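Work through the following exercises with the sequence and the structure side by side. Each task is followed by a solution that goes step by step.

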Amino acid sequence: MSPVRIGRWSAVLLVVSSVLGVAAFCWPFFVAPGTLLADAAAEAPLVFGLLLVLVLGVLLAQLADGGIDAKALALLGVLAAVNAALRPLGAGAGGIETVFFLLVLAGRVFGPGFGFTLGAVSLFASALLTGGIGPWLPFQMFGCAWVGLGAGLLPRAKGRLEIVLLAAYGAVSAFGYGLALNLSFWPFALGAHTALSFDPNASTLTNFGHYFLFDAATSLGWDTGRAVTNVVAIAVFGPLVLATLRRASRRAAFETPAEFHDARA
């Protein structure tokens with residue numbers, strides 16, 4: 001049984017927050033031509049607050065549904081702390097990011113609910129550790145949460161096939177994460193009237209073209225470094241980490257309720 005169960009209310013909030021999260025990422029493609037306000041960048045703090053409330057709402061809903069018990073909270077805290085400590089070791093050097101491979105492996109072992117929660121909490125803890133709090137943080141939290149959620153939803157596999165599956169997912173999710181995160185600042189990153197700029201007066205198809213050119217020109221190399229890091233880390237450390245996490249899951253016995261007995265009996 002997964003240590004973080006997705007109950008009815010947390011599932012509803014997860015779906016709603018994910019839909020709104022996608023809308024927050026992809027709004028440039030749905031704005032009617034000519035209707036974007038000139039000071040749209042000033043609304044970024046509102047988006048920051050909304051997404052942060054949604055992420056925290058999912059976590060609180062899981063607590064209210066009984067989806068997170070004391071053992072799961074302890075395990076979540078340990079893995080989030082490890083991820084928060086790993087992240088500064090790789091970020092900033094050619095796209096080498098060490099935070100994703102453990103997230104993928106933990107989501108695989110402990111399920112989609114745990115993966116989603118670990119992704120969000122890891123990035124929040126890392127931001128507190130490094131002082132990286134800003135309007136980009138909720139987008140990073142949602143991006144990592146979706147990576148962990150997807151890892152928990154992968155089909156069953158064993159042995160080498162499982163490692164290949166996880167490595168392939170690590171590569172694909174690395175590019176997907178970068179492609180999504182760039183949307184959080186692309187409309188405000190460049191001036192108008194370039195081949196890479198967001199054009200509020202252009203059609204959706206034109207802006208799609210501009211965005212993919214922007215992503216290829218600015219972050220394709222970084223995303224490739226992230227994908228290679230994921231593949232290598234999962235291939236090298238995956239079997240050992242998977243075995244360790246599964247052993248921890250068996251010993252924690254998440255499906256067994258805690259019982260207390262009087263020592264004098």
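**Exercise 1. Find the residues that Ile-234 touches beyond its neighbours within four places in sequence, and place Ile-234 in the nonpolar core.**

Step 1. In this predicted model, and leaving aside neighbours within four places in sequence, Ile-234 is in contact with Phe-101, Val-104, Leu-105, Ile-163, Leu-166, Ala-167, Gly-170 and Pro-239.

Step 2. The largest nonpolar core has 51 residues, and Ile-234 is among those with the most contacts inside it, together with Leu-79, Leu-105, Phe-110, Phe-114, Leu-118 and Leu-245.

Step 3. Two or more residues of this core come from each of the helices H1 (8-26), H3 (70-90), H4 (100-110), H5 (112-130), H6 (137-152), H7 (159-182), H9 (204-218) and H10 (220-252).

**Exercise 2. Determine which residues are joined into one network by salt bridges that share partners.**

Step 1. A search of the whole structure finds 4 salt bridges, and one of them is formed by the side chains of Glu-97 and Arg-226, at 2.7 Å from N to O. This pair links distant parts of the chain, since Glu-97 is in the loop between H3 and H4 while Arg-226 is in helix H10, 129 residues apart.

Step 2. Arg-226 also meets Asp-223 in a salt bridge, at 2.8 Å from N to O. Because these two residues are 3 apart in helix H10, about one helical turn separates them.

Step 3. Salt bridges with shared partners therefore join Glu-97, Asp-223 and Arg-226 into one network.

Step 4. Buried means under 20% relative accessible area, so Glu-97 at 8% is buried, Arg-226 at 4% is buried, and Asp-223 at 2% is buried as well.

**Exercise 3. Decide whether Arg-108 and Glu-162, which form a salt bridge, are buried or exposed.**

Step 1. The closest N and O atoms of Arg-108 and Glu-162 are 2.9 Å apart. Arg-108 lies in helix H4 and Glu-162 in helix H7, so that the pair, 54 residues apart, links distant parts of the chain.

Step 2. Arg-108 has a relative accessibility of 13% and therefore counts as buried, and Glu-162, with a relative accessible area of 5%, is buried too.

**Exercise 4. Describe the surroundings of Ser-197, and state whether Ser-197 is buried or exposed.**

Step 1. Ser-197 is found in the loop between helix H8 (186-189) and H9, and because its relative accessibility is 2%, Ser-197 counts as buried.

Step 2. The side chains of Ser-197 and Thr-194 are joined by a polar contact of 2.4 Å. Not counting residues up to four places away in sequence, Ser-197 touches Trp-186, Leu-190, Gly-191, Ala-192, Asn-207 and His-210.

**Exercise 5. Assign Leu-205 to an element and to an accessibility class.**

Step 1. Leu-205 lies in helix H9, and because its relative accessible area is 69%, Leu-205 is exposed.

Step 2. Leu-205 and Phe-29 are 176 residues apart in sequence, and their C-alpha atoms are 8.2 Å apart in space.

**Exercise 6. Summarise the whole protein, and say where confidence is lowest and highest.**

Step 1. The protein has 10 helices and 0 strands, and buried residues make up 46% of its 265 residues.

Step 2. Among contacts between residues at least 6 apart in sequence, 80% join residues at least 24 apart.

Step 3. The pLDDT averages 79, and 74% of the residues score at least 70. Confidence is lowest in helix H2 (residues 44-64), with a mean of 62, and highest in H7, at 93.

Methods
Residues are numbered from 1 along each chain as its sequence is written. Side-chain values use heavy atoms; hydrogens and water are left out. A nonpolar core is a set of buried Ala, Val, Leu, Ile, Met, Phe, Trp, Tyr and Cys residues joined through side-chain atoms within 4.5 Å. Buried means under 20% relative accessible area, exposed over 50%, partly exposed in between (1.4 Å probe, protein chains only). Helices (H or I, at least four residues) and strands (E, at least two) are DSSP runs, numbered from the N terminus. Contact means heavy atoms within 4.5 Å. pLDDT is the predictor's confidence in each residue, from 0 to 100. A polar contact is a pair of N or O atoms within 3.5 Å; within protein, one must be able to donate a hydrogen and the other to accept it, and residues adjacent in sequence count only if both atoms are side-chain atoms.
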